[in-house]
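Work through the exercises below with the sequence and the model side by side, and try each task before reading its solution.

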Amino acid sequence: MKVTARRDGSSLKHTVLVRDHQITADEPIDAGGDDSGPDPQELLAASLASCTAITMEMYAARKGWDIGHVEVGVEYSPAERGCPTKFELVTRLPDDMPEDQVERLRVIAAKCPVHRVLDGEVMFLERLERVRLAA
């Protein structure tokens, strides 16, 4: 999996390339950006919300469950002095869903790939390359 972020103009706006897709990332105006897209931390929360929802929906499909509407909300609080990073997830499922399915989906939700990455150990291999930019 490879993702590339490239500066788009002279502001903080970046075009993020993922396979054949483009996402705009930027900072809010009060942080010096143009607010032309979500900021990187919002994209992190979006990754967790969408991964959680998709993981539950894929599991339900494999089980042959018609679970209807699924919504996952994430509130993200970055780490501050003395406090860890906090993700608050709220999953909304139909109120007539059988309790055993609700419980199984709750367990499966915590196994989504993004959740596992955020909950586990992470290693960064970083390298800086200098390149000559075309005029």
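## Exercise 1: A residue of helix α2

Arg106 is exposed, since its relative accessible area is 53% and the exposed class begins over 50%. The model in which this value was computed is a predicted one.

Task: determine which residue forms a salt bridge with Arg106, and how the two are placed in their helix.

Solution. Begin with the location: Arg106 is found in helix α2, which covers residues 99-109. Next, look for a carboxyl partner, and Glu103 is found to form a salt bridge with Arg106, with the closest N and O atoms 2.5 Å apart. The spacing then follows from the sequence, because Glu103 and Arg106 are three residues apart in helix α2 and are therefore separated by about one helical turn. Finally, compare the exposure classes: Glu103 counts as partly exposed at 36% relative accessibility, whereas Arg106 counts as exposed at 53%. A further distance places Arg106 relative to another part of the chain, for its C-alpha atom is separated by 8.5 Å from that of Thr91, a residue 15 positions away along the chain.

## Exercise 2: Salt bridges in the whole structure

Task: state how many salt bridges a search of the whole structure finds, and describe the one between Arg92 and Glu71 as well as the one between Asp8 and Lys13.

Solution. The search finds four salt bridges. In one of them, the side chains of Arg92 and Glu71 meet with an N to O distance of 3.0 Å. Arg92 belongs to strand β5 (residues 86-92) and Glu71 to strand β4 (residues 71-77), so this pair ties together parts that are 21 residues apart in sequence. Arg92 counts as partly exposed at 42% relative accessibility, and Glu71 is likewise partly exposed, with a relative accessible area of 35%.

Turn then to the salt bridge between the side chains of Asp8 and Lys13, where the N to O distance is 3.5 Å. Asp8 is partly exposed at 32% relative accessibility, and Lys13 is partly exposed at 23%.

## Exercise 3: The surroundings of Ser11

Task: decide whether Ser11 is buried or exposed, and identify the polar groups that its side chain approaches.

Solution. Locate the residue before assigning its class: Ser11 is found in the loop between β1 (3-7) and β2 (14-18). Its relative accessible area is 18%, so Ser11 is buried, the limit for that class being under 20%. Now examine its side chain, of which a polar atom lies 3.2 Å from the backbone nitrogen of Lys13, while a polar contact of 3.0 Å joins the side chain of Ser11 to that of Asp34.

Continue from the second partner. Asp34 lies in the loop between β3 and α1, and it counts as partly exposed at 46% relative accessibility. As a longer-range reference, the C-alpha atoms of Asp34 and Ser77 are 22 Å apart in space, the two residues being 43 positions apart in sequence.

## Exercise 4: Positive phi values

Task: for Arg19 and Asp35, give the approximate phi angle, the loop and the exposure class.

Solution. Phi of Arg19 is near 50°, a positive value in a residue other than glycine. Arg19 lies in the loop between β2 and β3 and is exposed, with a relative accessible area of 72%. For Asp35, phi is near 60°, which is again a positive value in a residue other than glycine. Asp35 is placed in the loop between β3 and α1, and it counts as partly exposed at 47% relative accessibility.

## Exercise 5: The largest pocket and a surface patch

Task: describe the volume and lining of the largest pocket, and then name the residues of the nonpolar patch on the surface.

Solution. Start with the volume, which is about 910 Å³ for the largest pocket. Its lining consists of 18 residues, and those nearest its centre are Met1, Val3, Val16, Val18 and Ser47. The elements that give two or more residues to this lining are β1, β2, β3 (21-25), α1 (40-63) and α3.

For the patch, the residues are Val117, Val122 and Phe124, which together have about 320 Å² of accessible area. Of these, Val117 is found in helix α3 (residues 113-119).

Technical notes:
Residues are numbered from 1 along each chain as its sequence is written. This is a predicted model: local features need pLDDT of at least 70, side-chain atom pairs count only at pLDDT 80 or more; totals for chains, interfaces and linings use all residues. Side-chain values use heavy atoms; hydrogens and water are left out. Patches are made of residues with over 30% relative accessible area and no salt bridge: like charges are joined within 9 Å, nonpolar side chains (Val, Leu, Ile, Met, Phe, Trp, Tyr) within 5 Å. Accessible areas come from the Shrake-Rupley method with a 1.4 Å probe; for residues, only the protein chains shown count as cover. Helices (H or I, at least four residues) and strands (E, at least two) are DSSP runs, numbered from the N terminus. Buried means under 20% relative accessible area, exposed over 50%, partly exposed in between (1.4 Å probe, protein chains only). A polar contact is a pair of N or O atoms within 3.5 Å; within protein, one must be able to donate a hydrogen and the other to accept it, and residues adjacent in sequence count only if both atoms are side-chain atoms. On a 1 Å grid over the protein atoms alone, a cavity is a set of points where a 1.4 Å probe fits but cannot get out, and a pocket is an open set with protein on both sides within 12 Å along at least five of seven lines; lining residues have an atom within 4 Å of a point. Grid points are joined across faces, edges and corners, and a volume is the space filled by probe spheres set on the points.
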